[in-house]
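Visitor: I have just opened this entry and would like a friendly tour. Could you show it to me, and then take my questions one by one?

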Amino acid sequence: MSDTQMADKDVLIDIFTRADLIMQSDIKFRKMIGAGQLQIVYYPVRGQEVVSAAMMAAVNQEDYLVTIYRGLHDQLAKGIPSKDLWAEFAGKMAGTCKGKGGPMHITHPETGVMVTTGIVGSGIPIANGLALASQLEKDNKVTVCCFGDGASNIGAFHEGLNMAQVWKLPVIFLCQNNLYSEHTPMAFATSSETIKQRGDGLGMRSVRVNGNDASEMYAAAKEAVEYARAGNGPTLIEAMTFRFHGHLLGDTGHYIPEAEMEQALKDDPMPILRQQLLDMQISEADIAAIEAKNKEIIDEAAQYALDAPYPPGDEYRIDVLDVEIAA
Amino acid sequence: MSTPETKDAPKEIMFAQACNMAMAKAMADDPKVILLGEDIADEQGGGVFKVTAGLSEQFGTDRVRSTPISEQAIVGAAVGSALVGYKPVAEIMLMNFITVAMDQIVNHAAKLRFMSGGQTSVPLTIRTTTGAGTGLGGQHSDMLEAWLAHVPGLKVVAASNPADAYGLLYSSIMDPNPVIFIENTPTYFTKGPAPAPDHVVPLGKASVPREGTDISLITYGRGVGASHAVAEKLAGEDISCEIVDLRTIAPFDEETVLKSVAKTKAAVVVHEAVKNFGTGAEISSRIHEELFSELKGPVGRVGSGYAPVPFSPAIEKAWMFSEEDIEREIRKILG
């Protein structure tokens with residue numbers, strides 16, 4: 001989609017601000033985990049910043065989000081405050097979920113983040129339910145459901161997309177196609193050439209875009225949001241992107257061919273987006289100010305997460321049911 | 001079928017009708033109650049067992065939605081809408097099909113309240129039906145309540161008569177937790193006393209429909225009727241059986257069970273599900289932990305055979321729990 005117009009200046013700044021927060025957070029998490037300051041399972045998101053930042057710039061805070069364990073970029077882009085998110089990643093009582101969810105299970109209804117699931121593909125049917133509620137309420141909300149290319153191989157993907165299309169639900173299925181499901185390259189395990197084809201096969205409006213191009217991704221997102229809000233139903237967006245690190249931290253990504261990785265790093269969406277801002281006559285100083293502000297937010301959030309206390313052990317008795325369970 | 005009127009109300013109703021009436025009442029009481037399931041709207045027949053008949057006519061197909069054959073999608077849609085304030089009732093046509101939706105039930109419905117630190121809850125009800133003895137074979141007859149009872153965060157309910165079905169289903173729909181409501185297909189069209197329209201049975205509370213002094217029969221669902229028949233027979237020999245109908249399997253009413261066994265000093269747990277690793281094991285173990293030294297003998301268990309439900313009537317009958325099995329267990333304990 002090389003004919004895509006550049007997004008407005010304000011939109012690009014917004015997308016950059018979100019994307020830079022994601023990038024810096026990812027770098028800081030890896031650094032702190034590497035230094036032994038945090039002992040958590042972590043799924044790096046470096047390389048996929050722009051997909052989420054552009055998508056979430058196209059929706060409102062009240063709109064719903066369902067995402068998966070590799071979800072830091074989605075959650076930050078949707079607006080979960082860094083302090084709350086960092087504290088949850090660290091398993092602290094001050095976290096979004098009192099330390100009971102952890103990195104793979106983030107919920108934050110205030111910013112519309114309703115479910116983060118550790119089960120690939122399983123968020124899709126749940127996103128339908130949120131969208132169904134919006135359809136019944138006529139509240140004009142859309143639900144964004146994020147997942148990777150691997151998710152299109154589980155049954156829930158096909159069941160969920162079929163139902164969403166039959167019922168014309170206001171939901172956007174955002175497949176962040178980073179070409180690897182865990183350690184397995186897409187071509188090895190996915191019968192179709194594209195994920196878009198699968199949406200086409202289900203009769204759904206489906207598009208394939210360069211998710212690393214902020215303007216192209218934003219245009220696709222905005223169009224899908226308008227389509228859903230107008231009551232026309234779902235869209236499948238296959239956003240092409242890449243994962244610069246292994247499946248989880250500690251995985252070296254040895255299965256990614258060197259040449260492929262080299263090319264991906266050359267196409268790193270972050271310096272490209274930064275250059276686009278400069279090209280639009282946004283000053284280096286203004287960009288640096290955004291980066292400095294993000295750094296401050298992250299440093300503060302990281303320290304907050306380290307200092308915050310763990311929940312008491314018997315917290316496990318709370319929230320199993322609506323009443324406290326017996327010891 | 002509709003909500004019973006005070007005048008002209010039938011004295012007796014069928015089990016299936018009770019479930020229908022409970023849903024009608026819940027939908028009338030709360031606009032957030034919606035129904036999802038295969039063939040449930042009237043245009044598709046009002047459900048394969050007609051349990052939802054008339055409801056889409058009364059409440060519209062926005063609220064009574066026939067779905068594709070997609071158990072994961074049905075339960076997922078129920079979970080998602082429940083997260084934002086709806087009280088969905090998902091019908092999983094037959095309990096065996098729950099296997100297809102176990103990820104949504106076990107990993108999501110049961111855990112989202114906990115994993116979100118109480119920020120969200122999933123007030124959904126999954127209605128499902130099952131039961132052996134009708135020659136439907138291995139994939140349409142299983143009782144899988146023990147699986148579900150083992151998952152923290154789920155409530156599991158099984159009624160034994162129409163009035164309880166009405167009161168328990170209404171409570172299940174209004175409960176803020178995910179509830180699995182198990183209906184018994186072979187007893188759908190059996191009759192029982194009709195409940196008053198405002199009849200509500202709280203979850204987590206057992207009933208004692210028959211009092212006795214010699215032994216406690218702890219059971220639920222279809223086991224209650226079988227236990228009554230055995231108790232009636234043994235009464236002729238001066239053996240006095242008390243029956244405890246759990247009504248809610250998880251969390252089970254430990255207080256009522258222990259109180260009954262503390263009185264009779266003997267117990268048999270009766271269920272239709274396979275005996276091995278069944279709910280009887282848990283209940284029996286709790287009784288032993290609390291009352292071991294007072295018992296006349298080890299707690300007995302009656303369940304069905306350790307095999308898939310067979311098709312041929314001759315094998316199915318042999319496999320299935322029976323009144324004779326219950327009687328044998330009682331005699332074994334009482335000597």
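Visitor: Which residue forms a salt bridge with E315(A)?
Guide: Keep in mind that this is a predicted model. E315(A) sits in the segment after α12 (284-307) of chain A, and its partner lies in the loop between α4 (82-89) and β2 of that chain, 215 residues apart. The closest N and O atoms of the pair are 2.7 Å apart, and the partner is K100(A).

Visitor: How many salt bridges does the rule find across the interface of chain A and chain B?
Guide: Over all chains, the count comes to 38 salt bridges. At the interface, K32(B) and E137(A) meet through their side chains, at 2.8 Å from N to O. Across the interface of chain A and chain B, the number found is 1.

Visitor: How many residue pairs are in polar contact between chain A and chain B?
Guide: Here both residues of a pair must be at pLDDT 80 or more. With that condition, the count between the two chains is 17.

Visitor: Which element gives the largest share of the side of chain A that touches chain B?
Guide: Three elements of chain A, namely β2 (113-117), α5 (123-137) and α6 (155-167), each supply at least two residues of that side. By class, the side has 19 nonpolar, 12 polar and 7 charged residues. The largest share is 9 residues, and it comes from α5(A).

Visitor: How much area do chain A and chain B bury between them?
Guide: The contact takes 38 residues from chain A and 41 residues from chain B. In chain A, the residues losing the most area to chain B are L136(A), E159(A) and L321(A), together 18% of what that side buries. Carbon and sulfur atoms carry 65% of the buried total, which is about 3,200 Å².

Visitor: What radius of gyration does chain A have?
Guide: Chain A is built with 12 helices and 8 strands. Its C-alpha atoms fill a box of roughly 55 × 50 × 40 Å along the principal axes. A compact globule with 327 residues would have a radius near 20 Å, so chain A agrees with that expectation at 19 Å.

Visitor: And what radius of gyration does chain B have?
Guide: For chain B, the secondary structure comes to 12 helices and 14 strands. The box filled by its C-alpha atoms is roughly 60 × 50 × 40 Å, again along the principal axes. With 335 residues, a compact globule would come near 20 Å; chain B therefore agrees, having 20 Å.

Visitor: Which domain does UniProt list for residues 13-190 of chain B?
Guide: That stretch is 35% helix and 18% strand. The C-alpha atoms at its two ends are 8 Å apart. The name comes from an unreviewed UniProt entry, which gives "domain: Transketolase-like pyrimidine-binding".

Visitor: Which residue does a cis peptide bond join to A250(B)?
Guide: Most peptide bonds are trans, so a cis one is worth a look. The partner is found in the loop between β12 (248-250) and α9 (254-264) of chain B. Omega of the bond is about -5°, and the residue joined to A250(B) is P251(B).

Visitor: What is the phi of E182(A)?
Guide: Most residues other than glycine have a negative phi. E182(A) is found in the loop between β5 (180-181) and β6 (184-185) of chain A. This residue is not a glycine, yet its phi is positive, near 55°.

Definitions and conventions. Residues are numbered from 1 along each chain as its sequence is written. Chains are lettered from A and ligands numbered from 1 in the order in which they are written. This is a predicted model: local features need pLDDT of at least 70, side-chain atom pairs count only at pLDDT 80 or more; totals for chains, interfaces and linings use all residues. Side-chain values use heavy atoms; hydrogens and water are left out. Contact means heavy atoms within 4.5 Å. Buried area is the accessible area (1.4 Å probe) that two parts lose on being put together, summed over both. A salt bridge is a side-chain nitrogen of Lys or Arg within 4 Å of a carboxyl oxygen of Asp or Glu. A polar contact is a pair of N or O atoms within 3.5 Å; within protein, one must be able to donate a hydrogen and the other to accept it, and residues adjacent in sequence count only if both atoms are side-chain atoms. Helices (H or I, at least four residues) and strands (E, at least two) are DSSP runs, numbered from the N terminus. Ala, Val, Leu, Ile, Met, Phe, Trp, Tyr, Cys and Pro count as nonpolar, Asp, Glu, Lys and Arg as charged, and the others, Gly among them, as polar. UniProt positions are given in the numbering used here, feature names are shortened, and annotations may be inferred rather than shown by experiment. The radius of gyration is taken over C-alpha atoms; the globule rule is 2.2 Å times the number of residues to the power 0.38.
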